[in-house]
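These are my notebook entries on a structure that I went through chain by chain. I set down what I looked up, in the order in which I looked.

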Protein chains: 4
Amino acid sequence: MTVSKVAKPRQGRPRSAKVHRAILETALRQVAAVGFRAVSVESIAAEAGVGKPTIYRRWPNKAAVVMDAFLMKLEPGTVFPTKERAIDSLRLQMLSQVKAFRGDFGSLIKALLGEAQFDPEMADAFRERWIMPRRRKLRTVIEEAMRQGDLRKDIDPELAMDMLYAPIYYRLQIRSGPLSESFVNGLLEQARKGLGP
Amino acid sequence: MTVSKVAKPRQGRPRSAKVHRAILETALRQVAAVGFRAVSVESIAAEAGVGKPTIYRRWPNKAAVVMDAFLMKLEPGTVFPTKERAIDSLRLQMLSQVKAFRGDFGSLIKALLGEAQFDPEMADAFRERWIMPRRRKLRTVIEEAMRQGDLRKDIDPELAMDMLYAPIYYRLQIRSGPLSESFVNGLLEQARKGLGP
Amino acid sequence: MTVSKVAKPRQGRPRSAKVHRAILETALRQVAAVGFRAVSVESIAAEAGVGKPTIYRRWPNKAAVVMDAFLMKLEPGTVFPTKERAIDSLRLQMLSQVKAFRGDFGSLIKALLGEAQFDPEMADAFRERWIMPRRRKLRTVIEEAMRQGDLRKDIDPELAMDMLYAPIYYRLQIRSGPLSESFVNGLLEQARKGLGP
Amino acid sequence: MTVSKVAKPRQGRPRSAKVHRAILETALRQVAAVGFRAVSVESIAAEAGVGKPTIYRRWPNKAAVVMDAFLMKLEPGTVFPTKERAIDSLRLQMLSQVKAFRGDFGSLIKALLGEAQFDPEMADAFRERWIMPRRRKLRTVIEEAMRQGDLRKDIDPELAMDMLYAPIYYRLQIRSGPLSESFVNGLLEQARKGLGP
DNA sequence: GGCTAAGCGAGACGGTACGTCTAGTCTTGGG
DNA sequence: CCCAAGACTAGACGTACCGTCTCGCTTAGCC
């Protein structure tokens with residue numbers, strides 16, 4: 001699943017892969033440089049040395065381009081840190097995520113998630129291509145931790161992920177508190193111990 | 001703290017409160033009718049029978065107008081449901097919030113929170129005028145529940161709020177699962193019991 | 001020489017001649033209907049079924065559009081009435097000009113000449129495309145009359161034209177007297193006889 | 001005849017003459033500094049330390065203010081140069097006028113005359129307060145020259161004035177040639193000798 | 001090797017909204 | 001009733017992008 005449109009397969013001149021890459025790279029560079037709002041399809045086209053229709057032939061709007069650029073950049077770097085005990089992997093993953101969220105990557109996520117609130121297709125793409133793959137991987141980690149006895153056997157992994165990860169996105173967006181390591185550690189500890197007596 | 005600009009206090013014709021109200025009410029009506037994106041400063045001005053400069057004199061952009069309209073509507077209706085046991089008040093509050101989030105109010109929150117990702121002032125206003133007052137009230141409820149023995153005495157209330165409320169915003173935005181009553185109940189139960197063995 | 005901007009010659013979609021005509025015709029129609037001041041670029045765009053930027057891509061402002069519309073209308077109709085004796089052609093030309101100046105054409109000239117007082121480019125266009133072609137034609141007529149013995153051989157044709165035509169523009173603008181036939185005849189006679197004894 | 005409105009004579013606080021002067025002087029200063037078009041009622045009010053309604057109470061629009069300012073400045077300096085022979089006075093007057101027209105005064109006249117093409121009241125004021133007084137004075141000079149034998153006895157003074165002065169305004173506006181002394185001398189000579197054989 | 005269908009860069013097109021400006025009027029509080 | 005200040009409605013300004021279209025030109029793949 002991508003946000004980009006597909007071409008009818010066999011007829012006429014094929015779409016240029018070079019152009020495709022140039023667009024996505026330019027999009028990413030511009031978003032990093034001036035922010036999502038200040039970027040326009042026009043500015044991408046101009047800098048990439050590409051006609052506007054060439055972009056619109058492939059994506060329905062700016063957000064979709066940036067989303068694809070974001071996803072393209074992700075695919076390689078999707079390595080989850082792993083430890084012997086799954087619970088440690090979990091903590092490590094959370095820590096690396098908040099660290100990433102504190103930088104440019106956080107800004108990009110904010111913009112895409114913000115934009116997704118106005119565009120269902122963007123929201124779908126964001127969920128299916130960024131959120132869900134991570135949750136699936138996370139689920140195996142959590143289940144492993146359950147087997148290893150570090151998490152209770154009767155918990156609902158979906159709710160567990162919500163409890164642990166939603167606060168990270170919440171702080172990214174709302175800035176109600178710092179995205180610090182101690183925040184992650186505190187959150188994980190308190191979630192394990194539980195709030196009840 | 002508001003998003004609107006301030007007038008120099010005592011000179012010239014004072015700003016009309018009637019006009020102020022007309023703008024905010026129109027803004028809210030239009031957002032409800034056609035969605036945030038489809039509303040423009042121009043359309044608000046036209047329907048409110050007001051010149052555009054009158055709006056720009058008071059707010060820097062559309063988002064700020066809608067934010068203020070939203071906040072204006074809030075102020076009266078800020079009644080938290082209360083029960084004898086604080087833990088029940090907490091559950092009730094969470095339930096009423098997800099219920100509200102499932103309707104127009106949820107759309108509005110999504111739009112404002114989405115927009116806030118691109119505008120720090122919007123983000124500040126959203127946090128200080130919508131999020132924080134609720135968290136302050138929530139904190140007293142949580143502390144009461146701690147006193148009443150329904151929550152452990154050594155928990156961090158900030159983290160507790162993050163664990164319980166962030167997932168609600170997360171599902172509102174990402175649609176990773178339903179904003180149902182059973183979601184709230186499960187979340188609260190699992191948070192109380194804890195994830196650890 | 002035109003007031004309109006030039007397009008880079010051979011690249012991209014060429015500018016539509018149909019659109020060009022539609023704009024100029026609409027401009028002329030509106031000026032005739034409601035007067036120069038009451039016309040706006042916006043109203044022209046709206047009635048011509050054209051986007052505002054399409055107009056601004058070609059002309060820098062309303063006055064330039066109207067000027068070009070005026071000049072466009074001129075080109076075909078530039079027939080000077082001619083008689084056997086050049087002096088009669090001269091009188092005929094003056095008479096037909098004051099007649100035209102008494103109607104809508106006079107209003108248009110007034111508006112353009114008025115506007116030209118505030119915009120050097122407008123003034124240049126008005127002079128080079130309306131005034132000068134007429135003066136060049138006029139000069140040949142005057143020189144012919146000199147050869148035919150109806151005007152003295154040692155006059156300065158430039159000054160002669162100023163003496164005969166400036167009063168027409170003067171009365172058009174200042175309304176110090178009527179733009180009547182007897183005005184033209186009296187002017188021409190008195191200019192021939194001279195003011196001196 | 002002025003362009004300014006009159007106050008109902010005896011009631012309430014009388015209008016301040018100081019304010020009146022301040023407005024006119026500011027108007028003139030601004031027109032000289034940045035040109036007629038760039039001046040607005042607002043800018044005059046602001047610099048003169050005066051409320052906009054105070055201006056609108058006295059004049060209907062910017063042009064009227066500037067016209068009055070112009071006329072106010074005139075009144076003192078309306079001295080016509082005089083020589084023993086009326087024909088010399090005439091030449092002198094024409095020379096001093098073209099000299100004045102070459103400077104800031106010419107720009108002001110251009111602006112007022114240009115503006116008058118769009119506003120009949122302006123046109124009336126310009127004619128009645130600037131043009132006509134000069135023509136009346138001029139007429140006596142011309143009649144004196146007729147008596148003194150330097151101009152023919154049977155000429156029409158109105159047409160004579162048009163022949164001599166219209167070209168000056170014409171060149172001011174159209175720039176078809178320089179407003180030089182030789183221009184004036186040539187014009188006057190040729191008008192005296194006549195164009196005919 | 002020529003044909004043909006699509007892709008390509010460029011840029012014009014109809015629109016929409018932006019945020020600013022000025023016009024001319026209205027409303028304060030204070031002479 | 002005047003004044004300074006400044007808010008008011010109204011609407012044009014000129015600009016920025018949107019997403020589509022139309023040029024003339026590649027550039028494959030298929031006959």
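Entry 1, chains A and B. I began with the surface through which these two copies meet. In this predicted model, 100% of the interface residues of chain A are also interface residues in chain B, so the copies meet through the same surface. I then looked up the operation that relates the two. Chain A superposes on chain B with an RMSD of 0.3 Å after a rotation of 179° with 0.0 Å of shift along its axis. The two copies are thus related as by a two-fold rotation axis.

Entry 2, chains C and D. I repeated the search for this pair. A turn of 179° and a shift of 0.0 Å along the axis lay chain C on chain D, with an RMSD of 0.2 Å. I noted C:Gly194, whose C-alpha is the one in chain C nearest the axis, at 1.6 Å from it. Here too I looked up the shared surface: 100% of the interface residues of chain C are also interface residues in chain D, so these copies meet through the same surface.

I next recorded the extent of the interface. I found 43 residues of chain C in contact with 43 residues of chain D. The area buried between chain C and chain D is about 4,400 Å², and carbon and sulfur atoms give 62% of it. Which three residues supply more than any other three of the area that chain C buries against chain D? They are C:Phe118, C:Tyr170 and C:Leu195, which supply 17%.

Entry 3, the remaining pairs that I checked. Chain B and chain C do not touch, and I noted 16 Å between their nearest C-alpha atoms. Chain A and chain D are likewise joined by no contact; their closest C-alpha atoms lie 32 Å apart.

Entry 4, chain A by itself. I counted nine helices and zero strands in chain A. The C-alpha trace of chain A spans about 65 × 40 × 25 Å along its principal axes.

I then examined one helix pair of chain A, α6 (residues 104-116) and α7 (residues 120-147). Their axes come within 7 Å and cross at roughly 135°; α6(A) and α7(A) are therefore oblique to each other. From α6(A), I listed A:Phe105, A:Ile109, A:Leu112, A:Leu113, A:Glu115 and A:Ala116 as meeting A:Pro120, A:Met122, A:Ala123, A:Phe126 and A:Trp130 in α7(A). The residues of this contact divide into ten nonpolar, no polar and one charged.

Entry 5, α8 and α9 of chain C. Helix α8 (residues 157-174) and helix α9 (residues 181-193) of chain C pack at an angle of about 150°, with their axes 10 Å apart. That makes α8(C) roughly antiparallel to α9(C). I recorded their crossing as right-handed. In α8(C), C:Met163, C:Leu164, C:Pro167, C:Ile168 and C:Arg171 meet C:Phe183, C:Leu187, C:Leu188 and C:Ala191 of α9(C). I sorted the residues of this contact into eight nonpolar, no polar and one charged.

Entry 6, B:Ser176. Where in chain B is this residue placed? I found B:Ser176 in the loop between α8 (157-174) and α9 (181-193) of chain B. Setting aside neighbours within four places in sequence, I noted that B:Ser176 is in contact with A:Arg127, A:Arg135 and A:Asp162, and also with B:Tyr170 and B:Arg171. Finally, I looked up B:Ser176 against B:Ala166: they are ten residues apart in sequence and 13 Å apart in space, C-alpha to C-alpha.

Notes: Residues numbered from 1 in each chain as written. Chains lettered and ligands numbered in written order. Predicted model: local features only at pLDDT ≥ 70, side-chain atom pairs only at ≥ 80, totals over all residues. Heavy atoms only, no water. Axes fitted to C-alpha atoms, helices over the stretch in contact; angles between N-to-C directions. Helix = DSSP H or I, 4+ residues; strand = E, 2+ residues; numbered from the N terminus. Parallel < 35°, antiparallel > 145°, perpendicular 65-115°, else oblique. Left-handed = near helix turned anticlockwise from the far one by under 90°. Contact = heavy atoms within 4.5 Å. Nonpolar A, V, L, I, M, F, W, Y, C, P; charged D, E, K, R; others polar. Least-squares fit on C-alpha atoms with pLDDT ≥ 70 in both. Buried area = accessible area lost by both parts, 1.4 Å probe.
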